[in-house]
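Here are my notes for your first look through this one. Keep the structure open while you read.

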Amino acid sequence: MYNKFLEKYLDYNPEKVISKKGGIVRKIISPVLRFVVPFVTPNSKLTIVRRAKLPRKPVIFAATHGFREDIEHTVVMAGRQPYMLIGSISQVFKSFDGITAWIAGMVLVDRTDKESRASAVSKLVRALELGSSVVIFPEGTWNKSPNELVSGLFPGIYDVAQKSGALVAPIATYRNGKKAYGITEEAFDICQYGREEGIQILRDKMATMQYELIEKYGVENFPELPVCAKSGTGQV
């Protein structure tokens, strides 16, 4: 299959890919999508360990990224409809995953294209300004390192927060065998800090959450997964 109709989401103009009507429709659909997640992720049943109360206004969710189903679990942990930054062009165009991402709400970025990366920031800002939250995986790809709880973060999330005025809410998900666990922490103003310091504070928060999950629920046990699934998110 090839999802040709999704090619328009690579357009650099945010107004052509993010609309107020689209956000409204996706907010209506979102509870149904979150409801079906447990049925489409039978190999990693999610337990919500903690989910902080978040402001009703749109927020930027900054999520860890380490296993196949963590995208779906992140949407559940968000508890609301978010547009998700996605950089796996091949999966979007050549699998049913692209259809589900489109239905849920996505911002597509070509990581090899500098202008696409820049326009992704504008698209995320537009989604926030139109009333939707967004999800960014700031590590940019799966963290499979045994030496780092959280990989280095791409700083684009700071730019999105600065341009939109939105708070950042960290999310950590963790899988051990067929069980997954998640924490959503309180949203904070990353822009009260300088760019470099703000990114470091966000990384520390994410790493602390990840350490808590590992400490409570044991050493991770990732199954063998297809190579194409190892870089399913975008970077800005």
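The points below go from the sheet to a helix on it, then to one arginine and a second helix.

1. Bear in mind that this is a predicted model. Its open sheet has seven strands in the order β1-β7-β6-β2-β5-β3-β4, and the pairing is mixed. β1 (45–51) and β4 are the edge strands, each pairing on one side only. From one strand to the next, the twist averages 25 degrees.

2. Now zoom in on β2 (residues 60–63) and β6: they run parallel and are joined by four bridges. If you want a spot to look at, find I60, which stands opposite V168 in β6. Helix α8 (residues 195–217) lies across β1, β2, β6 and β7 (179–184), at about 30 degrees to β6.

3. Stay on β6 (residues 168–176) and pick out R175. Is R175 buried or exposed? With a relative accessible area of 6%, R175 counts as buried, because the cut-off is under 20%. What does its side chain reach? The side chain of R175 makes a polar contact with the side chain of E69 at 2.9 Å, and the R175 side chain also reaches the backbone oxygen of N43 at 3.3 Å.

4. Next, helix α5 (residues 96–104): its buried residues are G98, I99 and A101. They sit on the same side of α5, because they cover an arc of only 165 degrees around the axis. Among the elements covering them are β3 (82–86), α4 (89–94) and β4 (106–108).

5. Finally, check both ends of α5. S95 caps the N-terminal end, with a side-chain oxygen 3.2 Å from the backbone nitrogen of D97. Just after α5, G105 takes a positive phi of about 120 degrees.

Technical notes
Residues numbered from 1 in each chain as written. Predicted model: local features only at pLDDT ≥ 70, side-chain atom pairs only at ≥ 80, totals over all residues. Heavy atoms only, no water. Helix = DSSP H or I, 4+ residues; strand = E, 2+ residues; numbered from the N terminus. Buried < 20%, exposed > 50% of the residue type's maximum accessible area, 1.4 Å probe, protein only. Polar contact = N/O pair within 3.5 Å; in protein donor to acceptor, adjacent residues only side chain to side chain. Arc of directions from axis to C-beta. Contact = heavy atoms within 4.5 Å. Pairing = 2+ DSSP bridges. Axes fitted to C-alpha atoms, helices over the stretch in contact; angles between N-to-C directions.
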